[in-house]
Amino acid sequence: MVQASAPGKCILFGEHAVVYGQPAVAVAIDQRMTVSFQLSEEWRIDGMKFNNKKHPHVEALRERLWENGPPLSIKISGDIPPASGLGSSASLSVAAAAGLRCSRGRNILDDDWAEGWTASRPNDVYNGPGTATKGDYVENGAQSVDEDECAILAHAVEAFAQGGKASPLDSSTCSHGGCIVLSDKVESDLVWLYSRELNGVRWEVHSVTLPKELEEAYLVIGSTGVHAPTSIQVSKVAKMLEDSPERMAEIETIGIVARRGISALMNGDLDAMGKAMSENHLILRNLGLSCPELESLISAAAPSSLGVKLTGAGGGGCIVALTKDPKTTSEAIELAGGRTLISSIGASGMSIDSDENCPLWNPLK
Ligand code: PMV
């Protein structure tokens, strides 16, 4: 049996402004998705017959990494609530990519460093460059799994499942863990990982080394339970900027605040980090991206927090509070009607939790 897991993510700075090239910062959270694979008589998922329409991410990975492979029984579990901006689909995609890669080993032939993400699929929505170094070795099990590869595969299948629209923020954060910064240019103070490109948009993906001071604080994520699709929120901002181009100044201000937030993060300055989060929220609120439910959770969390903001697309979804007293903050949010999750800042990335009897399938035999 092969089992792999990956964390969810939470955006700390820069949502929406990232669509216009400003930096966005996400951290991995303690909540994870776990996927296991076992050889089986027929394709099954959670005990039921596999339905590819219900599981587009798994289906896209199956086509890419398991073409003509033997049937598998797949089990999915986890504690990341779906459709709440916490990266549940990217986390699932990363864990499934890692699990399938582990299950078949790595058989590098020619230039196909990460077979299945583009080269053999010229018409795929995903046509970005792969930048990791090619190796030509054959390995099995956990050793054959690579974070860059799982990030690019997860980005490809997210794009596939979402009709061509996906930034690599979720896939990279869920794969590498820690803290990831996306920007339209290489940020000189950060560790540059790779570029990603999709439909003519290019992102530079960086990681941030988190200092130990951050271990003193927690994130409390509060869900409003209100569902607001990301695409609608993004269109709302686009329309506003079309009608009032001068409001691009607010988007640029989010970029300035996000950069200040990144410095605070890197210096382990929790007070400055919290301040930047709250400031980021005020600009998002001014842009019309908050809602009464979010504001009520934010007011409840504020007294016991260093900073608090909406996280993700807004209009509903979740808030994130930075706090040294997660119990008090969480109780306050729950009293105001929110459901909460508590996480440390920058959890570890994807992992192979079991690689028993690998490979489950050797495509070269
Ligand atoms: O809530 P999420 O994780 O879908 O975040 C949306 C982030 C946006 O900046 C609003 C959109 C995007 O594609 O970056």
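The side chain of H206 makes a polar contact with the backbone of E187: a polar atom of that side chain lies 2.9 Å from the backbone nitrogen of E187. H206 belongs to strand 10, which covers residues 201–208. The model described here is predicted. The points below begin with H206, continue with the ligand and H16, and end with two further parts of the chain.

**Burial of H206**

- H206 counts as buried because its relative accessibility is 0%, and buried means under 20%.
- The partner atom in this contact is a backbone atom of E187, whereas H206 contributes an atom of its side chain.

**The ligand and its surroundings**

- The ligand sits in the largest pocket.
- Two elements give two or more residues each to the shell around the ligand, namely strand 1 (2–13) and helix 5 (230–243).
- The residues around the ligand are K9, I11, E15, H16, V18, V19, G85, T230, V234, G312 and A313.
- By type, this shell divides into five nonpolar, four polar and two charged residues.

**Polar contacts of the ligand**

- The side chain of K9 has an N or O atom 2.6 Å from an oxygen atom of the ligand.
- H16 takes part through its backbone, where an N or O atom lies 2.8 Å from an oxygen atom of the ligand.
- A313 also takes part through its backbone, with a polar atom 3.2 Å from an oxygen atom of the ligand.
- The protein buries 80% of the 380 Å² that the ligand exposes when taken alone.

**H16, a residue beside the ligand**

- H16 lies in the loop between strand 1 and strand 2, the latter spanning residues 24–39.
- The phi angle of H16 is positive, at about 70°, although H16 is not a glycine.
- H16 counts as buried because its relative accessibility is 5%, which is under the 20% limit.
- The side chain of H16 has a polar atom 2.8 Å from the backbone oxygen of A313.
- H16 and A313 are thus linked to one another by a polar contact, and both are among the residues around the ligand.

**T224 and G316**

- T224 is located in the loop between strand 11 (218–223) and helix 5.
- Helix 5, which follows this loop, is also one of the elements that give two or more residues to the shell around the ligand.
- T224 is buried because its relative accessible area is 15%, a value under 20%.
- T224 and G316 are 92 residues apart along the chain, yet their C-alpha atoms are separated by 6.1 Å.

**The segment after strand 15**

- Both N357 and P359 are found in the segment after strand 15, a strand that covers residues 351–355.
- N357 has a positive phi, near 55°, and is a residue other than glycine.
- N357 counts as exposed because its relative accessibility is 61%, and exposed means over 50%.
- The peptide bond from C358 to P359 is cis, and its omega angle is near -5°.

Technical notes
Residues are numbered from 1 along each chain as its sequence is written. Side-chain values use heavy atoms; hydrogens and water are left out. A residue is near a molecule or strand if one of its heavy atoms lies within 4 Å of it. A polar contact is a pair of N or O atoms within 3.5 Å; within protein, one must be able to donate a hydrogen and the other to accept it, and residues adjacent in sequence count only if both atoms are side-chain atoms. Accessible areas come from the Shrake-Rupley method with a 1.4 Å probe; for residues, only the protein chains shown count as cover. On a 1 Å grid over the protein atoms alone, a cavity is a set of points where a 1.4 Å probe fits but cannot get out, and a pocket is an open set with protein on both sides within 12 Å along at least five of seven lines; lining residues have an atom within 4 Å of a point. A molecule sits in a cavity or pocket if more than half of its atoms lie within 2 Å of its grid points. Helices (H or I, at least four residues) and strands (E, at least two) are DSSP runs, numbered from the N terminus. Ala, Val, Leu, Ile, Met, Phe, Trp, Tyr, Cys and Pro count as nonpolar, Asp, Glu, Lys and Arg as charged, and the others, Gly among them, as polar. Buried means under 20% relative accessible area, exposed over 50%, partly exposed in between (1.4 Å probe, protein chains only).
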